[in-house]
Amino acid sequence: MEPVITFGAFADPHYADRDVRIGRWYRQAPDRIAAAQEQFAAAQTDFNVCLGDFIDLCDDDRDLIPALKTITALIGTAGRQTYYVPGNHDLAAVDRQTLAAFCGWPDERGYYAFVFRGVRFVVLNTNFDGDSETLPPWNKTWINSDQLRWLEAELKNPEPAVILTHANLDPRTREDRMDPHVVMNAAETRAILEASGKVKLVVQGHCHGGAFTALAGIDYVTLPAMVMGENSNSAMIFSICADGSYACRQLFEQA
């Protein structure tokens, strides 16, 4: 089946005026995003997706609005619509209302859906502490109950759906425990996806090493973080068919 949609995706650039630490090259985010956009333009993507953590805290208490303006303006130069997925570092750096305004979300909840050429794209916000809007630790994130009800309703629409999320939904484990990048109520969320019969692809960020899992007819593709490594970059291009099936390719070799 021929693809009807092509979109570019990148995750976790973590832009900040901050020295290198734990293998993260924060100040290189603008160059890496620009390089990815060149690849997206060459592929003539229909739109692009930032899977969260596009901004990070600086090493002091300075106002982060200039950094937010810089990075969103750069992302906006791609000549294509960019959809933003809320990341935990984004919400740690900037309040929900400000972030919603810069990212063009319908409201500060940060979860929303859009339909493009007969495919529904569902953007989740994994940055809840149960049903509280308090930002949880990076390894204890939730999808709140209101959002789960909304997700179930969205997936009753007739179109095939692609899920876009920051924290992860697949059931990966580390040392016989759930991977800390997976949301706490991932099983409940997956049950909704599986019951709908509409989802074949979930695209994720958050886990900087990247990952791939296939379960119950759904592929979970986790993009490696753009911020990692001195001479590295990461982005992907996805081609979506009318039935929700897909192909994808990595744009940069991983260092």
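How many salt bridges does the count come to in this structure? The count comes to 12 salt bridges, in what is a predicted model. The points below take up an open sheet of 6 strands with mixed pairing, the helices α5 and α6 that lie across strands, the contact between helices α2 and α4, and one salt bridge, that of Arg27 with Asp17.

**The sheet and its hairpin**

- The open sheet has 6 strands in the order β4-β5-β6-β9-β11-β10, and the pairing among them is mixed.
- Its edge strands are β4 (112-116) and β10 (211-215), each of which pairs on one side only.
- When direction is ignored, neighbouring strands of this sheet are turned by 15° against each other on average.
- Strand β10 is joined by 5 bridges to strand β11 (residues 218-222), and the two strands run antiparallel.
- Among the bridge partners in β11, Ile218 is the partner of Leu215, while Thr222 is the partner of Ala211.
- Strands β10 and β11 form a hairpin with 2 residues between them, and Ala216, which lies in the turn, has a positive phi of about 55°.

**Helices lying across strands**

- Helix α5 (residues 145-154) lies across β4, β5 (119-123) and β6 (161-165), and its direction is at about 175° to that of β5.
- Helix α6 (residues 186-196) lies across β6, β9 (199-204), β10 and β11, with a direction at about 135° to that of β11.

**The contact of α2 with α4**

- The axes of helix α2 (residues 65-75) and helix α4 (residues 96-103) come within 11 Å and cross at roughly 25°.
- Because angles under 35 degrees count as roughly parallel, α2 and α4 are therefore roughly parallel to each other.
- The crossing of these two helices, α2 and α4, is right-handed.
- On the α2 side the contact is made by Ile65, Leu68, Lys69 and Thr72, and on the α4 side by Thr98, Leu99 and Phe102.
- By character, the residues of this contact between α2 and α4 divide into 4 nonpolar, 2 polar and 1 charged.

**A salt bridge**

- Side chains of opposite charge can pair when their charged atoms come close.
- In this model the side chains of Arg27 and Asp17 meet in a salt bridge, with a distance of 2.7 Å from N to O.
- Arg27 and Asp17 are 10 residues apart, and each of them is in the loop between β1 (3-10) and α1 (29-42).

Terms used. Residues are numbered from 1 along each chain as its sequence is written. This is a predicted model: local features need pLDDT of at least 70, side-chain atom pairs count only at pLDDT 80 or more; totals for chains, interfaces and linings use all residues. Side-chain values use heavy atoms; hydrogens and water are left out. Axes are lines fitted to C-alpha atoms, for helices over the stretch in contact, and angles run from 0 to 180 degrees between N-to-C directions. Helices (H or I, at least four residues) and strands (E, at least two) are DSSP runs, numbered from the N terminus. Angles under 35 degrees count as roughly parallel, over 145 as roughly antiparallel, 65 to 115 as roughly perpendicular and the rest as oblique. A crossing is left-handed if the near helix is turned anticlockwise from the far one by less than a right angle, and right-handed if clockwise. Contact means heavy atoms within 4.5 Å. Ala, Val, Leu, Ile, Met, Phe, Trp, Tyr, Cys and Pro count as nonpolar, Asp, Glu, Lys and Arg as charged, and the others, Gly among them, as polar. Two strands pair if DSSP finds at least two bridges between them. A salt bridge is a side-chain nitrogen of Lys or Arg within 4 Å of a carboxyl oxygen of Asp or Glu.
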